[in-house]
Amino acid sequence: MVLTDSNLAVLELLERNARFLGEGEGAPVVRALDWAALPNWITGAEFDLVIASDVLYDRAAVEPFFGVVAAALKPGGTLLVSHTDRGIVSMDEAIQRAQVEFGLSWTAEASGGEGGGLGESIACHTFEKDF
């Protein structure tokens, strides 16, 4: 399990939380991840599953996000994205780009209703890497 973020404060929090889950083989690893540049610790398609929550809140993030995910997932691997609709990022457009540009086929959506009392709908989208 690899826990990621680009924010130093969040990475420190992830480190503290990861220690509660244990150490040694199979313990979570915390890594910095900036989608604008593929990090050297992603050496190829090695992950069966990527889970991302509340990451697509900026249109400029869509392409680099799916690029890193496509590089990290094994063929047949799964991406689960929890998305809060703020009216900024069109999930329809994001799904289209994931499929056409990155070989990630959208397979399902599950909606969770209203989020946080803000009138925002929350959905989880599932993608599978084609190649």
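Three aromatic pairs turn up in this structure, which is a predicted model. One aromatic cluster is made up of Trp35, Phe65, Phe66 and Phe127. Keep Trp35 in mind, as that residue comes back with the pocket.

**Strands β1 and β2**

Let's start at the N-terminal end. Strand β1 covers residues 2–5 and strand β2 covers residues 29–32; the two run parallel, joined by four bridges. If you want one pairing to look up, threonine 4 has arginine 31 in β2 as its bridge partner. To get from β1 to β2, the chain passes through helix α1 (residues 8–20), and this β-α-β crossover is right-handed.

Valine 2 sits in strand β1. Is valine 2 buried, exposed or partly exposed? With a relative accessible area of 29%, valine 2 counts as partly exposed, because that value is neither under the 20% cut-off for buried nor over the 50% cut-off for exposed. Alanine 18 is 16 residues away from valine 2 along the chain, and 9.7 Å separates their C-alpha atoms.

**The largest pocket**

Now for the empty space. The largest pocket holds about 780 Å³. Its lining takes in 28 residues, and those closest to the centre are Thr4, Leu33, Trp35, Ile51 and Val55. So two familiar names show up here: Thr4 is the bridge partner of arginine 31, and Trp35 belongs to the aromatic cluster, while both are among the residues closest to the pocket centre.

Which elements supply at least two residues each of this lining? They are β1, α1, β3 (47–53) and α2 (59–72). The biggest share comes from β3, which gives six residues.

**Helix α3**

Helix α3 spans residues 91–102, and its buried residues are Met91, Ala94, Ile95, Ala98 and Phe102. Looking down the axis of α3, you'd see these buried residues fall within an arc of 100°, so they line one face of the helix. The general rule behind such a pattern is that an α-helix has 3.6 residues a turn, so residues three or four places apart point the same way. Over on the other side of α3, Asp92 and Val100 are exposed. Just past the end of α3 comes glycine 103, with a positive phi of about 65°.

Here are the helices and strands met above, with their residue ranges.

| Element | Residues |
|---|---|
| β1 | residues 2–5 |
| α1 | residues 8–20 |
| β2 | residues 29–32 |
| β3 | residues 47–53 |
| α2 | residues 59–72 |
| α3 | residues 91–102 |

How values were computed. Residues numbered from 1 in each chain as written. Predicted model: local features only at pLDDT ≥ 70, side-chain atom pairs only at ≥ 80, totals over all residues. Heavy atoms only, no water. Phe/Tyr/Trp six-rings, centres within 6.5 Å; stacked < 30°, edge-to-face > 60°. Buried < 20%, exposed > 50% of the residue type's maximum accessible area, 1.4 Å probe, protein only. Arc of directions from axis to C-beta. Pairing = 2+ DSSP bridges. Right-handed = clockwise from strand over helix to strand, strands pointing away. 1 Å grid on protein atoms, 1.4 Å probe; cavity = no way out; pocket = protein on both sides within 12 Å on 5 of 7 lines; lining within 4 Å. Points joined across faces, edges and corners; volume = space filled by probe spheres on them.
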